[in-house]
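Here are some exercises on helix packing and empty space, each with a worked solution. Keep the structure open beside you and try each task before reading on.

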Amino acid sequence: MSRFWESNGNMIEIIQQIINGLAIGGVYVLIALGLTMVFGILGIAHFAHGSVSMFGGYLTFFLSSSLGLPLALAILIALIVGIVLGIAIELLAYRPVRNANHINAFIVALGLTMMVEGINLQFFGADQVIIQTNFDRVFEIGGVTVPELRLYVILAAIALIGAMTVFVEKTKTGQAIRAVAQNRDAAILMGINVNTIPLIVFAISTMLGVCAGVMVGSLFAIAPGVGEGLVIKGFAVLILGGLGSIPGAVVGGLVLGVTEALAAGFISSAYKDVIAFAVMIIVLLVRPQGLLGKA
């Protein structure tokens, strides 16, 4: 009997950590989806994506806590500002170097990262901030505790991934994005406006990033340097899932998040990043193209 309870307790702990991992995995998926869209269309490693995401989180915090706006309205305004910011980044930073050597876009991406980090520091300060919500209930299901906020984060991530999938697969704009990603010259011959597609891609990418920033700010905290760590995880997810693969970004993000949570719960939170990246390296040794990438 004692073995049963011990086994049952271990199973509950595993489920508990998987739920925790799904919440942070959902954040990684949103970051990775934004990165994979930009990389797939323009071939740009958009390093500033994490810092832009944190800008969205900071802005939501400022609007809701400092100005007293309802959280939903603050998030909506942050999303709109994020879309405008994404379009501005494509027009002013990346478009001028679109046809230049790839190293130029690489340098621009690094410069943008430092610039956005500086803006965040200048406008929002160096202190860490937490986006306050009213989702403080805790549900208990079969011995597994599920904080209300984590549940909503998971559901929001599922909804955004579903909306993103429908947009890319079912809409004409989504089909145009896929066409440009597969063959830009053929897309031009088909009459697709290849100058508009990057604007749409950056708008969507930044919007997803802002959502991820809000989730990080409400689940944990936002502080200088968090965005840089987040974008590293996003690129790790891209490589793990397969470069340019949207389903791969989803699977890779969840695998990385759950692995981190299990490592933190059963070994030590100090080694969760090491173990997660070790798992990623092992996967790549077996499948160099990533979990869902094409050989």
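## Exercise 1: Helix 5 against helix 8

In this predicted model, L149, R150, V153, A156, A157, L160, M164 and F167 of helix 5 touch I200, I204, L208, C211, M215, S218 and L219 of helix 8. Describe the contact of helix 5 with helix 8 by residue class, and then describe how the two helices are oriented.

**Solution.**

Step 1. Sort the residues of this contact: 13 are nonpolar, 1 is polar and 1 is charged.

Step 2. Turn to the axes. Those of helix 5 and helix 8 come within 10 Å and cross at roughly 170°.

Step 3. Apply the cut-off: angles over 145 degrees count as roughly antiparallel. Helix 5 and helix 8 are therefore roughly antiparallel to each other.

## Exercise 2: Helix 2 against helix 8

Work out how helix 2 packs on helix 8, and which residues meet there.

**Solution.**

Step 1. Begin with the two quantities needed: packed helices are described by the angle between their axes and the distance between the axes.

Step 2. For helix 2 (residues 49-66) and helix 8 (residues 196-219), the angle is about 60° and the axes lie 7 Å apart. That makes helix 2 oblique to helix 8.

Step 3. Add the handedness: the crossing of helix 2 past helix 8 is right-handed.

Step 4. List the partners. Helix 2 contributes H49, V52, S53, M54, G56, G57 and T60, while helix 8 contributes S205, T206, G209, V210, G213, V214 and V216. By class, this contact of helix 2 with helix 8 holds 5 nonpolar, 9 polar and no charged residues.

## Exercise 3: The largest pocket

Find the volume of the largest pocket, the residues closest to its centre and the helices that help line it.

**Solution.**

Step 1. The largest pocket encloses about 540 Å³ of space. Its lining comprises 19 residues, and R178, A181, G244, S245 and I246 are the closest to its centre.

Step 2. At least two lining residues come from each of helix 1 (2-42), helix 5 (148-170), helix 6 (172-182) and helix 10 (246-266).

Step 3. Classify the lining of the largest pocket: 9 residues are nonpolar, 7 polar and 3 charged.

## Exercise 4: The second largest pocket

Which helix gives the largest share of the lining of the second largest pocket? Describe the residues of that lining too.

**Solution.**

Step 1. About 290 Å³ of space lies in the second largest pocket. Among its 14 lining residues, I75, A156, C211, V214 and M215 are the closest to the centre.

Step 2. Helix 3 (71-94), helix 5 and helix 8 each give at least two residues to this lining. The largest share, 5 residues, belongs to helix 5.

Step 3. The lining of the second largest pocket splits into 12 nonpolar, 2 polar and no charged residues.

Step 4. Link back to the helix contacts. A156 and C211 are in the contact of helix 5 with helix 8, and V214 is in the contact of helix 2 with helix 8.

## Exercise 5: The cavity

How many cavities of 30 Å³ or more does a search of the whole structure find, and what lines the largest cavity?

**Solution.**

Step 1. The search finds 1 cavity of 30 Å³ or more. The largest cavity has a volume of about 40 Å³.

Step 2. Its lining is made of M54, Y58, E117, N120, L121, A223 and P224. Helix 2 and helix 4 (102-124) are the elements that give two or more of these residues, and helix 4 has the largest share with 3 residues.

Step 3. By class, the lining of the largest cavity has 5 nonpolar, 1 polar and 1 charged residues.

Definitions and conventions
Residues are numbered from 1 along each chain as its sequence is written. This is a predicted model: local features need pLDDT of at least 70, side-chain atom pairs count only at pLDDT 80 or more; totals for chains, interfaces and linings use all residues. Side-chain values use heavy atoms; hydrogens and water are left out. Axes are lines fitted to C-alpha atoms, for helices over the stretch in contact, and angles run from 0 to 180 degrees between N-to-C directions. Helices (H or I, at least four residues) and strands (E, at least two) are DSSP runs, numbered from the N terminus. Angles under 35 degrees count as roughly parallel, over 145 as roughly antiparallel, 65 to 115 as roughly perpendicular and the rest as oblique. A crossing is left-handed if the near helix is turned anticlockwise from the far one by less than a right angle, and right-handed if clockwise. Contact means heavy atoms within 4.5 Å. Ala, Val, Leu, Ile, Met, Phe, Trp, Tyr, Cys and Pro count as nonpolar, Asp, Glu, Lys and Arg as charged, and the others, Gly among them, as polar. On a 1 Å grid over the protein atoms alone, a cavity is a set of points where a 1.4 Å probe fits but cannot get out, and a pocket is an open set with protein on both sides within 12 Å along at least five of seven lines; lining residues have an atom within 4 Å of a point. Grid points are joined across faces, edges and corners, and a volume is the space filled by probe spheres set on the points.
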